[in-house]
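Hi,

Here is the structure I said I'd pass on. Have a look at it first, then read my notes underneath.

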Amino acid sequence: RWLGSFDTDEYLVPMGDFKSMGEVADELDETGVKVAVFKSSPAKPRLNLLENPSKTEKSDGTFTPTVPADETFLHTYNCNWEQFPRKNDLSHRRKQMYRADYVKLHYVHYSTITVVSQMAEKETIAAKESWLHRYVERHVHEFDEKNEATMLHTKTKVAKNTIMWKTRCRQSSPL
């Protein structure tokens, strides 16, 4: 019923009372959602799970984050730099899950053609959808990251991206 195109470093996580993404999809179906959007901003590694940063630390305070052999990438890179709900969303990195019977063409981050967007004015009105000369998707839902689902984007960091890292993600990382 639902499809999505996600990178290997992006993980969907049910939140709140949901135990699986299948349960989340069932809820979306009950409310008439056809396209569901995940906010995105790359997570940071948890300092206490990386190899000792002092091994690669440079004079500017940056270091090369290295995941030890006995840790997983997902476990290590799971520190969002902003608490939910995120306000600083990198919208160009958003991803979607969508109803396969509704979205006819999807391009990486966007549903470009849907059942409704293909309709002429008369068809749209007959289907009790709102008509505009410029199509605006009406069946889209942005996930509540605390109570529905979130996408953990565990993007690898290079040394230049670790500047000022020691001032963030402190809850899980003793410094």
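Below is what I found, going from the overall layout to the aromatic rings.

First, a caveat: this is a predicted model. The chain has 175 residues, and 37% of them are buried. Its secondary structure comes to three helices and eight strands. Read from the N terminus, the order of elements is β-β-α-β-α-β-β-β-α-β-β. Among contacts with a separation of 6 or more, 71% are between residues 24 or more positions apart.

On to the sheet. Four strands make an open sheet in the order 1-4-3-7, and the pairing is mixed. Strand 1 and strand 7 are the edges, each pairing on one side only. On average, neighbouring strands here are turned by 25° against each other, ignoring direction. Strand 3 and strand 4 are antiparallel, with four bridges between them. If you want a register check, Val35 has Tyr98 in strand 4 as its bridge partner.

Another pairing joins strand 2 and strand 8, which run antiparallel and share five bridges. There, Val13 is bridged to Thr150 in strand 8. Strand 8 is mostly covered, with five of its five residues buried. Its two faces are both covered: Ala149, Met151 and His153 are buried on one side, Thr150 and Leu152 on the other.

Now helix 1, which spans residues 21-30. This helix lies across strand 1, strand 3, strand 4 and strand 7, and its angle to strand 4 is about 60°. Which of its residues are buried? They are Met21, Val24, Ala25 and Leu28. Those four cover an arc of only 100° around the axis, so they sit on the same side of helix 1. The spacing is what you'd expect from the textbook: an α-helix has 3.6 residues a turn, so residues three or four places apart point the same way. The cover over the buried residues of helix 1 includes strand 1 (2-4), strand 2 (10-14), strand 3 (35-38), strand 4 (95-99), strand 7 (140-142) and strand 8 (149-153).

Gly22 also belongs to helix 1. Is Gly22 buried or partly exposed? Its relative accessibility is 39%, so Gly22 counts as partly exposed. From Gly22 to Trp2 the C-alpha distance is 9.1 Å, with their positions 20 residues apart in sequence. After helix 1 comes Gly32, with a positive phi near 80°.

The buried side of the helix leads on to the packing. The largest nonpolar core has 13 residues, and the ones touching the most other members are Val24, Leu28, Phe38, Met97 and Phe143. Helix 1, strand 3 and strand 8 are the elements that give two or more residues to this core. Helix 1 provides the largest share, four residues. For Val24, setting aside neighbours within four places in sequence, the contacts are Pro14, Phe18, Phe143, Glu148 and Ala149. There is also a second, separate core of five residues, including Val35, Tyr98, Val103 and Val116. Val35 and Tyr98 are the bridge partners mentioned above.

Last, the aromatics, where the count is three pairs. In one of them, the ring centres of Phe6 and Phe38 are 5.8 Å apart and the planes are at 80°, so the pair is edge-to-face. This pair links distant parts of the chain: Phe6 is in the loop between strand 1 and strand 2, Phe38 is in strand 3, and the two are 32 residues apart. Phe6 counts as partly exposed, at 27% relative accessibility. Phe38 counts as buried, at 1%.

Phe38 also forms an aromatic pair with Phe143, a tilted one with 4.5 Å centre to centre and 35° between the planes. Phe143 is in the loop between strand 7 and strand 8 while Phe38 is in strand 3, so this pair ties together parts that are 105 residues apart in sequence. Both Phe38 and Phe143 are buried. Together, Phe6, Phe38 and Phe143 make up one aromatic cluster.

If you only open one view, I'd start with Phe38 and Phe143: both are on the list of residues that touch the most other members of the largest core, and both belong to the aromatic cluster.

Cheers

Technical notes. Residues numbered from 1 in each chain as written. Predicted model: local features only at pLDDT ≥ 70, side-chain atom pairs only at ≥ 80, totals over all residues. Heavy atoms only, no water. Buried < 20%, exposed > 50% of the residue type's maximum accessible area, 1.4 Å probe, protein only. Arc of directions from axis to C-beta. Contact = heavy atoms within 4.5 Å. Pairing = 2+ DSSP bridges. Axes fitted to C-alpha atoms, helices over the stretch in contact; angles between N-to-C directions. Core = buried A, V, L, I, M, F, W, Y, C linked by side-chain atoms within 4.5 Å. Phe/Tyr/Trp six-rings, centres within 6.5 Å; stacked < 30°, edge-to-face > 60°.
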